[in-house]
Amino acid sequence: MLKILKYSFFDLMRSRWSYVYFLFYLLLGIVLLFLNNDLSKAVITLMNVIIVLVPLIGTIFGVMYYYNSREFTELLLAQPVKRSSIFLGQYFGVACSLAMSLVIGLGLPFVFYGIFNSNAIWDFSLLLVTGAFLTLIFTALAFVIALANENKIKGFGYAILLWLFMAVIYDGLFLMSLVYFEDYPLDKFSLAATMLNPVDLSRVLILLKLDISALLGYTGAVFQQFFGTNFGLIISVIMLALWVLIPTGIIYRMAKRKDF
């Protein structure tokens, strides 16, 4: 699996799209630091971009790489190599290359700006960690969708629908449920619903770290009591890790049963 991971990683790192992805975040960081003297404001702006863009890019790249490398995958399947090793190696290669482009692209401008001498270092670090988690999560979900659908059009359609649901529709349904059941205690429901969506969970973690949870009203106070503690932070990281491990386990099971 490590050899396949290494090949997929370097194959993507040589791709022009990886350079475009890297340069986008590099230029984004430079522009934000040029326009904002306050690092905390730059982190908030980056959060709004990363929360939406990273899942979309991870989903599209995952599906695209799987379908474009199908002939190479069939060649590998003819060799004495485990199927699970092939697909897991490709997944980790894609996810690691995207995560590296994100971390280095955003990290370089902030490092030169003096992020290590600023109080915003922990906020920025959490932003990069959640961005890396979202990359791993949505790339894994993309591979699950691609493995389940031989038709490219269906695969891309389901992938875009997944991103749209997680990033937009889920929030709308969540807010509608809070309004509709406002007469009932919704503390535990709000916490559970947030943890069931990695996009919302990442957003809440960054907002609470930036100490602007007051903007969320009563719900923000509930989140602050849970996610603002060390225990809440540990639970959140565990949930994000589960969002990575569960789709990875599904890839492993589907790869073993995949019939070409």
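This report walks through a predicted model of an all-helix protein, from its overall make-up to single residues.

## Overall make-up

The protein has 11 helices and zero strands. Read from the N terminus, its elements run α-α-α-α-α-α-α-α-α-α-α.

The chain has 260 residues, and 49% of them count as buried. Take the contacts between residues at least 6 apart in sequence. Of these, 80% join residues at least 24 apart.

## Helix α7: length and bend

Helix α7 covers residues 152-180, which is 29 residues. At 1.5 Å a residue, α7 should span 42 Å. The C-alpha atoms at its ends lie 39 Å apart, which agrees. The helix also has a bend of about 45°, placed at phenylalanine 165.

A polar contact sits at the start of α7. There, a side-chain oxygen of asparagine 151 comes to within 2.8 Å of the backbone nitrogen of isoleucine 153.

## Helix α7: buried residues and a partner

Which residues of α7 are buried? They are Gly155, Ala159, Leu162, Trp163, Met166, Ala167, Tyr170, Asp171, Phe174, Ser177 and Leu178.

Two packed helices are described by the angle between their axes and the distance between the axes. For α7 and helix α8 (residues 187-195), the angle is about 175° and the axes are 11 Å apart. Angles over 145 degrees count as roughly antiparallel, so α7 is roughly antiparallel to α8. On the α7 side, the contact is made by Tyr170, Phe174, Ser177 and Leu178. On the α8 side, Phe189, Ser190, Ala193 and Thr194 take part. The four α7 residues in this contact are also listed among the buried residues of α7.

## Three residues of helix α6

Helix α6 covers residues 121-148. Leucine 128 lies in α6. Its relative accessibility is 13%, so leucine 128 counts as buried, given a cut-off of under 20%. Beyond its neighbours within four places in sequence, leucine 128 is in contact with Val103 and Leu106. Methionine 47 is 81 residues away along the chain, yet the C-alpha atoms of leucine 128 and methionine 47 are separated by 9.5 Å.

Isoleucine 145 is found in α6 too. This residue is buried, with a relative accessible area of 13%. Leaving out residues up to four places away in sequence, isoleucine 145 touches Gly155, Tyr158, Ala159 and Leu162. Gly155, Ala159 and Leu162 are buried residues of α7. Isoleucine 145 and threonine 59 are 86 residues apart in sequence, and their C-alpha atoms are 9.5 Å apart in space.

Is alanine 148 buried or exposed? Alanine 148, also in α6, is exposed, because its relative accessible area is 51% and the cut-off is over 50%. From alanine 148 to isoleucine 251 there are 103 residues in sequence, but 9.7 Å in space, C-alpha to C-alpha.

## The loop between α5 and α6

Isoleucine 115 is found in the loop between α5 (83-113) and α6. How is this loop residue placed, buried or exposed? Isoleucine 115 is buried, with a relative accessible area of 1%.

Outside residues up to four places away in sequence, isoleucine 115 touches Leu39, Phe110, Ala120, Ile121 and Phe124. One of these contacts links parts of the chain that are 76 residues apart: the C-alpha atoms of isoleucine 115 and leucine 39 are separated by 8.0 Å.

Definitions and conventions. Residues are numbered from 1 along each chain as its sequence is written. This is a predicted model: local features need pLDDT of at least 70, side-chain atom pairs count only at pLDDT 80 or more; totals for chains, interfaces and linings use all residues. Side-chain values use heavy atoms; hydrogens and water are left out. Helices (H or I, at least four residues) and strands (E, at least two) are DSSP runs, numbered from the N terminus. The expected span of a helix is 1.5 Å times one less than its number of residues. The bend at a residue is the angle between axes fitted to the seven residues ending there and the seven starting there. Buried means under 20% relative accessible area, exposed over 50%, partly exposed in between (1.4 Å probe, protein chains only). A polar contact is a pair of N or O atoms within 3.5 Å; within protein, one must be able to donate a hydrogen and the other to accept it, and residues adjacent in sequence count only if both atoms are side-chain atoms. Axes are lines fitted to C-alpha atoms, for helices over the stretch in contact, and angles run from 0 to 180 degrees between N-to-C directions. Angles under 35 degrees count as roughly parallel, over 145 as roughly antiparallel, 65 to 115 as roughly perpendicular and the rest as oblique. Contact means heavy atoms within 4.5 Å.
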